[in-house]
Amino acid sequence: AVVSTQSGHYGRDLKKCFDNIVQLQMEKIGIDSKGGKMEAVAMFSADGEKVEFNTQVTLEGPVEAWLCDIEDTMRVTLRQQLKLCRVALKKAGTKRDKWTKEWPGQLLITTSQMQWTQDCTKALSMIKDRGDKKSLKSMKKKQISMLTKFSDAIRGNLTPIQRAKIVALVTIEVHARDVIDKLIKSNCNDVMGFEWLMQLRFYWKKEKSTDCDSALIPLL
């Protein structure tokens, strides 16, 4: 067995099975401490970030079976958390200090990239439809202002995890700023312009075949 469920060796080799899950938070089911079953209620990354599962995963039966349950629960949890993270970002607007502290780093980066894609698409549409050539320049100013705030936050009083999240987010946002600058210099004025189509873009797309809460994130 890859991961033992005996003598408390839960998740000893878990990091070999998943990219960055190194530990699971376990709880015992039932009163009997000797025969009680265990369930996973949350996962931890190597950086120490904790994400609570939407539903508990009972660790019983073949190891390969409940490892698949862990993977499925991880996906469902992160998808739901990503949806909530997007809503939180829309409410936060440009004031992202609290937002960056409340959500896992992976979700911060993904949500930020989706918002950037949406903002660029809107700016390019305004150039084509209204002839507003200042829309991208205005977006660049907002991007620089946001990076300045992040820079100030990094020098502030943060936990190691919070600082690592913001540093990673700044790396992505600096690239986003540079792309905006390229769009301006190349006089890109359409969402079908090559300079824009060649960029890696993130979208939140609802699936027609399932309920409205499901979504896909195509990377183009």
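Trainee: Why is C17 called partly exposed?

Mentor: Happy to walk you through this predicted model. C17 has a relative accessible area of 33%. Buried means under 20% and exposed means over 50%, so C17, at 33%, falls in between and is called partly exposed.

Trainee: What makes C68 partly exposed?

Mentor: The reasoning runs along similar lines. Its relative accessible area is 43%, which lies between the 20% and 50% cut-offs, so C68 counts as partly exposed.

Trainee: How many disulfides are there?

Mentor: The count is zero. A disulfide needs a pair of cysteine sulfur atoms within 2.5 Å, and by this rule the structure has zero of them.

Trainee: Why is the pair of W116 and W196 called tilted?

Mentor: The structure holds one aromatic pair, formed by W116 and W196 with 5.4 Å from centre to centre and 55° between the planes. The centres lie within 6.5 Å, so the rings pair; 55° is neither under 30 degrees nor over 60, so the pair is tilted.

Trainee: What does this pair tie together?

Mentor: W116 sits in helix α3 (residues 105–130) and W196 in helix α6 (residues 194–197), so the pair links parts that are 80 residues apart in sequence. Both W116 and W196 are buried.

Trainee: How do you know that K182 is partly exposed?

Mentor: Its relative accessibility is 46%, which is over 20% but not over 50%, so K182 counts as partly exposed. K182 belongs to helix α5 (residues 160–185). The C-alpha atoms of K182 and W196 are 9.3 Å apart, with the two residues 14 residues apart along the chain.

How values were computed
Residues are numbered from 1 along each chain as its sequence is written. This is a predicted model: local features need pLDDT of at least 70, side-chain atom pairs count only at pLDDT 80 or more; totals for chains, interfaces and linings use all residues. Side-chain values use heavy atoms; hydrogens and water are left out. Buried means under 20% relative accessible area, exposed over 50%, partly exposed in between (1.4 Å probe, protein chains only). Rings of Phe, Tyr and Trp (its six-membered ring) pair if their centres lie within 6.5 Å; planes under 30 degrees apart count as stacked, over 60 as edge-to-face and the rest as tilted. Helices (H or I, at least four residues) and strands (E, at least two) are DSSP runs, numbered from the N terminus.
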